[in-house]
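Student: Hey, I've never seen this one before. Can you walk me through it?
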Amino acid sequence: DYGAGAVLYICLIAHIKFHRAGIRINTMISFSFATAADLPSVDRLHLQTLGPSFMESASSKLRASCPADQVMHIVAREEGKVVGSIQLRRIRLECVGCPSDQKISFLGPLVTSKFYQGMGLGSKLMDYGLSLLHKEGYRVVFLVGDATYYSRFGFFSVRPMNIALPDNKDRDRLLCKTLGRPFALPIYARLAPYIGPDIVQCTADNAVISPLKDEQPWREHIT
């Protein structure tokens with residue numbers, strides 16, 4: 001869980017200069033916690049980028065089973081409009097001998113509006129999400145995706161270790177990344193929702209908002 005008084009890190013507004021089709025676009029992008037008012041916009045982004053079958057995927061079913069108070073949801077805004085989203089859920093590894101107190105996350109969905117695709121915003125959301133997990137003491141993060149793409153962020157396939165989603169689907173696309181110190185992954189395990197004894201809801205109201213001290217600056221030109 002995030003613990004009473006946990007420090008959560010929100011990115012300050014940054015000025016980004018984009019290049020698209022030879023045209024420079026000056027815009028302001030900010031990262032902040034998602035609010036209830038943002039959820040319809042996020043749902044539209046999911047539908048536009050992932051399609052209607054997205055909710056039937058194995059990863060979506062795992063996310064749906066996770067308690068809402070174990071989710072960190074960050075959105076990217078341009079002049080108040082949601083143009084990107086990343087969700088980070090605390091989960092656990094279900095296996096013989098697996099400790100229940102390890103901080104493990106399931107990342108996704110990660111989406112950006114079609115206008116910003118291919119311009120680096122998704123990478124910045126990913127970098128920011130991973131930095132946030134590291135700051136919060138998470139040891140491992142999982143996601144479902146293309147290994148060729150996500151290897152640039154340090155993710156690798158867990159297929160050889162027989163780690164699976166609850167219904168055993170998408171095993172070839174289940175990826176993992178360790179954060180900080182090395183983490184010994186089990187040989188056989190299943191991803192499951194985390195339900196801890198001392199859960200404090202993570203909201204903008206009880207968060208201490210400050211910039212990441214060691215955050216890499218936004219690139220001036222994102223191509």
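Tutor: Sure, let's start with helix α2. It covers residues 58–65, and Ala58, Ser59, Ser60, Leu62 and Arg63 are buried in it. Buried means under 20% relative accessible area, exposed means over 50%, and partly exposed is in between, using a 1.4 Å probe and protein chains only.

Student: What covers the buried residues of α2?

Tutor: The cover includes β5 (81–94), β6 (104–112), β7 (140–144) and β11 (189–193). Helices (H or I, at least four residues) and strands (E, at least two) are DSSP runs, numbered from the N terminus.

Student: Before we go on, what kind of model is this?

Tutor: This is a predicted model: local features need pLDDT of at least 70, side-chain atom pairs count only at pLDDT 80 or more, and totals for chains, interfaces and linings use all residues. Residues are numbered from 1 along each chain as its sequence is written, and side-chain values use heavy atoms, with hydrogens and water left out.

Student: Okay, big picture. How many helices and strands?

Tutor: The chain has 4 helices and 13 strands. Of its 223 residues, 49% are buried.

Student: And the contacts, how many join residues far along the sequence?

Tutor: Take the contacts between residues at least 6 apart in sequence: 73% of them join residues at least 24 apart. Contact here means heavy atoms within 4.5 Å.

Student: Back to β5. How many of its residues are buried?

Tutor: In β5, 11 of the 14 residues are buried, so the strand counts as mostly covered.

Student: Which strands does β5 pair with?

Tutor: Its partners include β4 (residues 71–78), joined to β5 by 8 bridges in an antiparallel run. β5 also runs antiparallel to β6, with 7 bridges, and antiparallel to β11, over 4 bridges. Two strands pair if DSSP finds at least two bridges between them.

Student: Got some bridge partners I can click on?

Tutor: Try Glu78, whose partner in β5 is Lys81. Ile91 has Ile104 of β6 as its bridge partner, and Arg92 has Ala192 of β11.

Student: What about the turn between β4 and β5?

Tutor: That hairpin has 2 residues between the strands, and Glu79 takes a positive phi near 50 degrees.

Student: Is Met72 in β4 buried or exposed?

Tutor: Met72 is in strand β4, and it counts as buried because its relative accessibility is 1%. Its C-alpha atom is 8.6 Å from that of Arg90, which is 18 residues apart from Met72 along the chain.

Student: Does Arg90 sit over the face of a ring, and if so, which one?

Tutor: Arg90 lies over the face of Tyr194, at 3.8 Å from the ring centre. For a charge to sit over a ring, NZ of Lys or CZ of Arg has to be within 6 Å of the ring centre and within 35 degrees of the ring normal.

Student: New topic: how many salt bridges?

Tutor: The whole structure has 3 salt bridges. A salt bridge is a side-chain nitrogen of Lys or Arg within 4 Å of a carboxyl oxygen of Asp or Glu. One of them joins the side chains of Arg77 and Asp38 (2.7 Å, N to O). Arg77 lies in strand β4 and Asp38 in the loop between β3 (23–33) and α1 (39–50), so the pair ties together parts that are 39 residues apart in sequence.

Student: Are those two buried or exposed?

Tutor: Arg77 and Asp38 are buried.

Student: And the other salt bridges?

Tutor: Glu94 meets Arg92 at 3.3 Å, N to O. Arg159 meets Asp172 at 3.5 Å, N to O. That last pair links distant parts of the chain: Arg159 is in the loop between β8 and β9, and Asp172 is in the loop between β9 and β10 (174–178), 13 residues apart.

Student: Where do Arg159 and Asp172 fall on the buried-to-exposed scale?

Tutor: Arg159 counts as partly exposed because its relative accessibility is 40%. Asp172 is exposed, at 59% relative accessible area.

Student: Last one: how many aromatic pairs?

Tutor: There are 6 aromatic pairs. Tyr150 and Phe153 form a tilted one, 6.3 Å centre to centre with 45 degrees between the planes. Rings of Phe, Tyr and Trp (its six-membered ring) pair if their centres lie within 6.5 Å; planes under 30 degrees apart count as stacked, over 60 as edge-to-face and the rest as tilted. Tyr150 and Phe153 are buried, and with Tyr149 and Phe155 they form one aromatic cluster.
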